[in-house]
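Dear colleague,

Please find the structure below, handed over for your review. A short account of its pockets and helix packing follows.

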Amino acid sequence: MAIPCPHFIASEKAAMEAGLLLPSSSLSQLILTQDDLKKIAAYKAVEYVESGMVLGLGTGSTAKHAVDRIGKLLRQGKLKDIVGIPTSKKTHEQALSLGIPLSDLDSHPVVDLAIDGADEVDPYLNLVKGRGGSLLREKMVEGACKKFVVIVDESKLVNYIGGSGLAMPVEVIQFCWKFTASRLQNLFQEFGCVAKLRTLGEKAEPYVTDNGNYIIDLYFKQSIGDLKAASDSILQIAGVVEHGMFIDMATTVIVAGELGLTVKNK
């Protein structure tokens with residue numbers, strides 16, 4: 001998808017740094033792809049990063065741009081003394097390749113700032129995350145941070161959690177996963193919930209997370225209402241490890257779209 005992106009002051013600096021805009025040009029002259037929008041949002045988010053910070057490094061196509069940018073600023077000497085805590089094995093490998101010093105929550109239990117994408121954002125900045133499979137580590141790291149900056153393109157905005165019609169992931173242990181999936185589906189039966197095991201490839205092998213677990217994707221036909229009550233009910237089911245609703249966690253959401261960048265603060 002390519003869309004025209006008119007001038008928007010918050011976007012211009014990020015677009016230039018992302019290599020999408022020349023100093024003599026304006027955003028109104030650009031036709032931007034969805035990936036371009038993600039990159040501009042990611043570069044805007046990295047403006048919140050300061051030397052000496054402990055950073056939560058997100059996972060996914062949008063967060064990848066932010067991690068690349070942090071690595072570049074470190075190489076240029078514009079950032080110093082950064083410690084990164086990756087939220088997946090994939091991000092760990094990416095950060096190592098960029099020379100970003102890494103640690104973990106055992107050594108750094110308080111994280112200054114985390115930057116990550118999201119699969120859905122509702123009007124109250126609640127999120128769905130985990131369609132990439134890293135929801136447990138993301139929630140651990142981003143739940144320990146002082147500031148959590150979320151970067152999305154406008155296609156991720158929904159009226160309510162589950163409103164995209166796409167998956168709300170739940171990480172479960174492998175043991176008796178069908179039993180757990182059935183309990184999850186029954187829990188939200190009145191909302192038209194369908195629970196499906198996430199699989200990969202032509203052979204439909206179960207997707208296995210970095211933690212050795214399976215993912216049950218829940219699909220809703222309508223709003224599930226009170227998210228905190230829904231969260232409590234999910235977590236009370238034995239066999240559930242964690243779910244992909246990130247409630248009251250985001251402090252800032254940067255949205256890239258046809259009008260440029262919109263910054264929403266909690």
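In what follows, Ala, Val, Leu, Ile, Met, Phe, Trp, Tyr, Cys and Pro count as nonpolar, Asp, Glu, Lys and Arg as charged, and the others, Gly among them, as polar. By these classes, the lining of the largest pocket has six nonpolar, 14 polar and eleven charged residues. The model is predicted: local features need pLDDT of at least 70 and side-chain atom pairs count only at pLDDT 80 or more, while totals for chains, interfaces and linings use all residues. Residues are numbered from 1 along each chain as its sequence is written, and side-chain values use heavy atoms, without hydrogens and water.

The largest pocket (on a 1 Å grid over the protein atoms alone, an open set of points with protein on both sides within 12 Å along at least five of seven lines; lining residues have an atom within 4 Å of a point) has a volume of about 540 Å³. Of its 31 lining residues, Thr59, Gly60, Ser61, Gly132 and Glu138 are the closest to the centre. Helix H3 (61-75), helix H4 (89-97) and strand S8 (145-153) are the elements that give two or more residues to this lining. Domain 1 (2-155 + 248-260) and domain 2 (168-241), whose bounds come from an automatic or database assignment, each supply at least three lining residues.

The second largest pocket has a volume of about 200 Å³. Its lining includes Ile85, Pro86, His92, Asp104, Arg137 and Met140. Strand S4 (83-86), H4 and helix H5 (135-142) each give two or more residues to that lining, and H5 provides the largest share, three residues. By class, five of the lining residues are nonpolar, four polar and three charged.

Turning to the helices, helix H2 (residues 34-46) packs against H3 at an angle of about 50°, with the axes 8 Å apart. H2 is therefore oblique to H3 (outside the ranges under 35, over 145 and 65 to 115 degrees). Their crossing is right-handed (the near helix is turned clockwise from the far one by less than a right angle). H3 and H4 pack at about 25°, with their axes 9 Å apart, and are therefore roughly parallel to each other. H3 also passes H4 in a right-handed crossing.

With kind regards

Definitions and conventions: On a 1 Å grid over the protein atoms alone, a cavity is a set of points where a 1.4 Å probe fits but cannot get out, and a pocket is an open set with protein on both sides within 12 Å along at least five of seven lines; lining residues have an atom within 4 Å of a point. Grid points are joined across faces, edges and corners, and a volume is the space filled by probe spheres set on the points. Helices (H or I, at least four residues) and strands (E, at least two) are DSSP runs, numbered from the N terminus. Axes are lines fitted to C-alpha atoms, for helices over the stretch in contact, and angles run from 0 to 180 degrees between N-to-C directions.
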